[in-house]
Amino acid sequence: AQGISFAKDLGNLPGNICTPAYLATQALALGKTHKSIKTSVLEEKDMQKLGMGSFLAVTRGSEQPAKLITLEYSGADKKQKPIVLVGKGITFDAGGISLKPGAEMDEMKYDMCGAASVLGTMQAIAEMGLKLNVVGVIPACENLPSHAAIKPGDIVTSMSGQTIEILNTDAEGRLILCDALTYSAKFKPDTVIDIATLTGACVIALGHVASGLFSNEDKLAQELLAAGEQAHDRVWQLPLWDDYQPLLDSNFADMQNIGGRAGGTITAACFLSRFTKDYRWAHLDIAGTAWKSGKDKGATGRPVPLLTQYLINRAASK
């Protein structure tokens, strides 16, 4: 419950306070409070050395420096491979040059709820002292239009070496996540789960009740579905079939960052799957469940219950 509360507080903060640097400060504070957590923060110059051209492309329109935040929770033997949680940390999303409509744009302060759920989950497992190794990876930046911002049609090179034609600058979450997912391989993970308010299409598909779930391994999908039922923080599995992949074909790069209106949630997951071939991976699209609108407006803290329950189950099975 304290992890959920922490995630909600972070989500509800306005974008002028909850910046990428603020998220980094919160992560560093978690590391100070809990001896089991070691936090490190990479700056843009570090990301340039790593070749994170996709992540850095998104932050170009903003004066707020991007941060790549890593939290390493050590609760088990060093030999035990960690579970990596990757949280989308877009602290405000105006869409970039592909500007969003003005109505409800204020709610785009919630585009970092994936990152908030990782921080909330890390706090919860540290307080519980779970006997597991867990790594949180948070790519954090803003997506704003400016003279320096990326333009539709630009081509960037991701950390994996794959090139991406950016047709819509508002499909930015996948551009920061793909580099973070490539980076996650350095931890030699047992499992990687990314959490992101990724697509409006997911809200059309599942409404505000279930989060979307994709995985490249059925056993992992079943474990997450079961944990969701247990915690009443439910997810629904959608297909990750190869039949959808051609929608991302580009004439000028290895892939384009959008696949059209049809199956938008699925093509976003297919995009991410191209960067996760080396490990067991699941993707949670929480665009419909991370916050509520209208008179009940506010962050929900989801999917902290699901993630925490999954990790409790994993610790119990060791």
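**Helix H5, its neighbours and the spaces around them**

Me: The largest share of the lining of the largest cavity, 3 residues, comes from H5. What makes H5 a helix here, and which residues line the largest cavity?

Reply: Happy to start there! This is a predicted model, in which local features need pLDDT of at least 70, side-chain atom pairs count only at pLDDT 80 or more, and totals for chains, interfaces and linings use all residues. Residues are numbered from 1 along each chain as its sequence is written, and side-chain values use heavy atoms, leaving out hydrogens and water. A helix is a DSSP run of H or I with at least four residues, a strand a run of E with at least two, both numbered from the N terminus; H5 spans residues 113–128. The lining consists of Ala-7, Cys-113, Ala-116, Ser-117, Ala-290, Ala-299, Thr-300, Gly-301 and Arg-302.

Me: Why is that space called a cavity, and how many are there of 30 Å³ or more?

Reply: On a 1 Å grid over the protein atoms alone, a cavity is a set of points where a 1.4 Å probe fits but cannot get out, and lining residues have an atom within 4 Å of a point. The structure has 1 cavity of 30 Å³ or more, and the largest cavity has a volume of about 40 Å³, taken as the space filled by probe spheres set on the points, which are joined across faces, edges and corners.

Me: What is the class make-up of the lining of the largest cavity?

Reply: It has 5 nonpolar, 3 polar and 1 charged residues (Ala, Val, Leu, Ile, Met, Phe, Trp, Tyr, Cys and Pro count as nonpolar; Asp, Glu, Lys and Arg as charged; the others, Gly among them, as polar). Arg-302, one of the lining residues, also begins a cis peptide bond to Pro-303, with omega near 0°. Pro-303 sits in the loop between strand S14 (298–299) and H10.

Me: Why is H5 called oblique to H10?

Reply: H5 and H10 (residues 304–317) pack at about 40°, with axes 9 Å apart. Angles under 35 degrees count as roughly parallel, over 145 as roughly antiparallel, 65 to 115 as roughly perpendicular and the rest as oblique, so H5 is oblique to H10. From H5, Ser-117, Gly-120, Thr-121, Ala-124, Ile-125 and Met-128 make the contact with Val-304, Leu-307, Thr-308, Leu-311 and Ile-312 of H10 (contact means heavy atoms within 4.5 Å). This contact has 7 nonpolar, 4 polar and no charged residues.

Me: How do you know how H2 and H5 are oriented to each other?

Reply: The axes of H2 (residues 20–33) and H5 come within 11 Å and cross at roughly 10° (axes are lines fitted to C-alpha atoms, for helices over the stretch in contact, with angles from 0 to 180 degrees between N-to-C directions). H2 and H5 are therefore roughly parallel. Leu-23, Ala-27 and Leu-30 of H2 meet Ala-115, Leu-119, Met-122 and Gln-123 of H5, a contact of 6 nonpolar, 1 polar and no charged residues.

Me: What makes a space a pocket, and what lines the largest pocket?

Reply: A pocket is an open set with protein on both sides within 12 Å along at least five of seven lines. The largest pocket holds about 1100 Å³ of space. Its lining counts 41 residues, with Lys-100, Leu-198, Thr-199, Gly-200 and Ala-201 nearest the centre. H7 gives the most to this lining, 5 residues, and the classes run to 16 nonpolar, 14 polar and 11 charged.
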